[in-house]
Amino acid sequence: MTARRILAAVLLAALGLLAPALATAQGAPNLAKFQVEDRKSGYFYMGTQTRALQDDEFLNPGMFAIDQGKAIWNKIDGPKGQSCAACHGNAEQTMKGVAAKYPRFDERKGGVINLELVINRERTERMGAAPLEYESDALLALTTYITYQSRGLTREPVIAGPAAPFFERGKEFFFTRRGQLDLSCAQCHDDRAGGKLRGDTISQGQINGFPFYRLIWRSMGSTHRMFQWCNTSMRAEPFAMGSEEYLNLELYVAWRGRGLLIETPAVRK
Ligand code: HEC
Ligand code: HEC
């Protein structure tokens with residue numbers, strides 16, 4: 001544990017006292033930054049304390065993942081003695097804007113690929129290293145670190161051409177009612193955004209902050225973990241992380257939030 005981490009942990013523990021003071025000190029956030037036309041970031045729906053956590057890079061618990069991701073970026077792994085850094089150099093320069101291009105249609109795969117899967121492809125094919133398990137701390141950290149280099153940029157996913165049928169499947173998923181509650185994603189995140197569900201404010205279900213730090217999980221989470229969580233809360237069978245279903249859905253949801261600024265690592269309740 002670095003001194004910075006210990007200090008941050010102490011500060012986090014004192015959050016209940018600190019956050020309101022911080023929020024006041026910083027003034028009300030400019031919400032215009034978190035909205036484009038009728039599309040709103042989840043930040044919009046968070047309370048003052050959660051927003052204050054996200055806004056302060058020192059308090060934001062997702063910043064640990066950046067440190068960890070940077071270490072993995074530089075770490076040699078696999079029989080070829082390679083690291084991400086060995087080929088790509090300084091991620092702060094070479095990965096700028098890269099995460100904003102994902103998810104996208106990938107010709108080799110003949111389907112949608114996201115950043116997590118690209119990272120694992122790089123590991124296996126270029127380094128001869130084992131793929132990182134979906135939702136492992138290591139894959140989340142590397143994904144967060146790379147996406148952080150696109151903070152403030154926007155996603156404008158290509159949905160025409162070969163991407164079109166996959167986009168359509170993702171869209172259909174979003175509007176399909178499923179599970180014991182017979183609910184679709186749209187019924188909560190289009191129709192009830194701003195409303196309450198068991199004390200939580202329902203957001204538009206945007207993914208511009210992912211990977212994010214979720215306070216109730218006390219950990220980082222990927223878009224696919226969130227999709228699973230929502231599917232489960234609809235009392236529907238979740239799909240596997242990295243599955244075609246969720247990759248297509250991710251493409252639709254990314255397009256649905258086009259133009260929103262990438263906030264990674266966002267903090268959500
Ligand atoms: C029963 C209502 C409900 C349904 C149906 C539902 N969700 Fe959610 N979803 C929530 C709640 C509650 C949260 C946590 C608060 C928030 O951010 O909206 C959430 C959060 C999210 C988030 C995180 C938003 C952020 O800003 O970090 C995403 C993404 C998401 N949902 C996507 C989906 C998708 C995709 C589906 C369909 C598979 C779906 N949800 C179905 C209730 C629902
Ligand atoms: C042996 C050299 C090599 C290694 C090691 C390597 N890469 Fe790559 N990577 C490349 C080349 C070459 C490309 C394709 C050209 C480009 O986009 O830079 C690429 C492409 C990528 C892309 C897609 C870029 C885009 O614009 O879509 C990502 C993301 C990426 N690498 C991440 C990583 C990560 C993360 C690691 C470590 C796990 C890694 N790479 C390891 C050489 C390497």
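**Exercise 1. Find what the buried residues of H11 pack against.**

Solution. The buried residues of H11 pack against helix H9 (164-175), strand S7 (212-214), strand S8 (219-221) and helix H12 (244-256). Contact means heavy atoms within 4.5 Å. Helices (H or I, at least four residues) and strands (E, at least two) are DSSP runs, numbered from the N terminus.

This is a predicted model: local features need pLDDT of at least 70, side-chain atom pairs count only at pLDDT 80 or more, and totals for chains, interfaces and linings use all residues. Residues are numbered from 1 along each chain as its sequence is written, chains are lettered from A and ligands numbered from 1 in written order, and side-chain values use heavy atoms, with hydrogens and water left out.

Next, list the residues. H11 spans residues 223-233, and Thr 223, His 224, Met 226, Phe 227, Gln 228 and Asn 231 are buried there. Buried means under 20% relative accessible area, exposed over 50%, partly exposed in between (1.4 Å probe, protein chains only).

Last, leave the helix. Arg 235 follows H11 and has a positive phi, near 55 degrees.

**Exercise 2. Decide whether Ser 243 is buried or exposed.**

Solution. Place Ser 243 first: it sits in the loop between H11 and H12. Its relative accessibility is 13%, so Ser 243 counts as buried. Then check its side chain. A polar atom there lies 2.7 Å from the backbone oxygen of Ala 240.

**Exercise 3. Describe how H7 and H8 cross.**

Solution. Two packed helices are described by the angle between their axes and the distance between the axes. Axes are lines fitted to C-alpha atoms, for helices over the stretch in contact, and angles run from 0 to 180 degrees between N-to-C directions.

The axes of H7 (residues 115-127) and H8 (residues 137-148) come within 10 Å and cross at roughly 110 degrees. That makes H7 roughly perpendicular to H8 (65 to 115 degrees).

Now name the residues. From H7, Leu 115, Glu 116, Ile 119 and Asn 120 meet Leu 139, Leu 142, Thr 143, Ile 146 and Thr 147 of H8.

**Exercise 4. Identify the residues closest to ligand 2 and its polar partners.**

Solution. Start with the surroundings. Ligand 2 has 15 residues around it (a heavy atom within 4 Å). The closest are Cys 84, Cys 87, His 88, Lys 101 and Glu 122.

Then take atom pairs:

- His 88: a side-chain N or O atom is 2.8 Å from a nitrogen atom of ligand 2.
- Tyr 102: a side-chain N or O atom is 2.6 Å from an oxygen atom of ligand 2.
- Arg 126: a polar side-chain atom is 3.2 Å from a nitrogen atom of ligand 2.

Conventions. Angles under 35 degrees count as roughly parallel, over 145 as roughly antiparallel, 65 to 115 as roughly perpendicular and the rest as oblique. A polar contact is a pair of N or O atoms within 3.5 Å; within protein, one must be able to donate a hydrogen and the other to accept it, and residues adjacent in sequence count only if both atoms are side-chain atoms.
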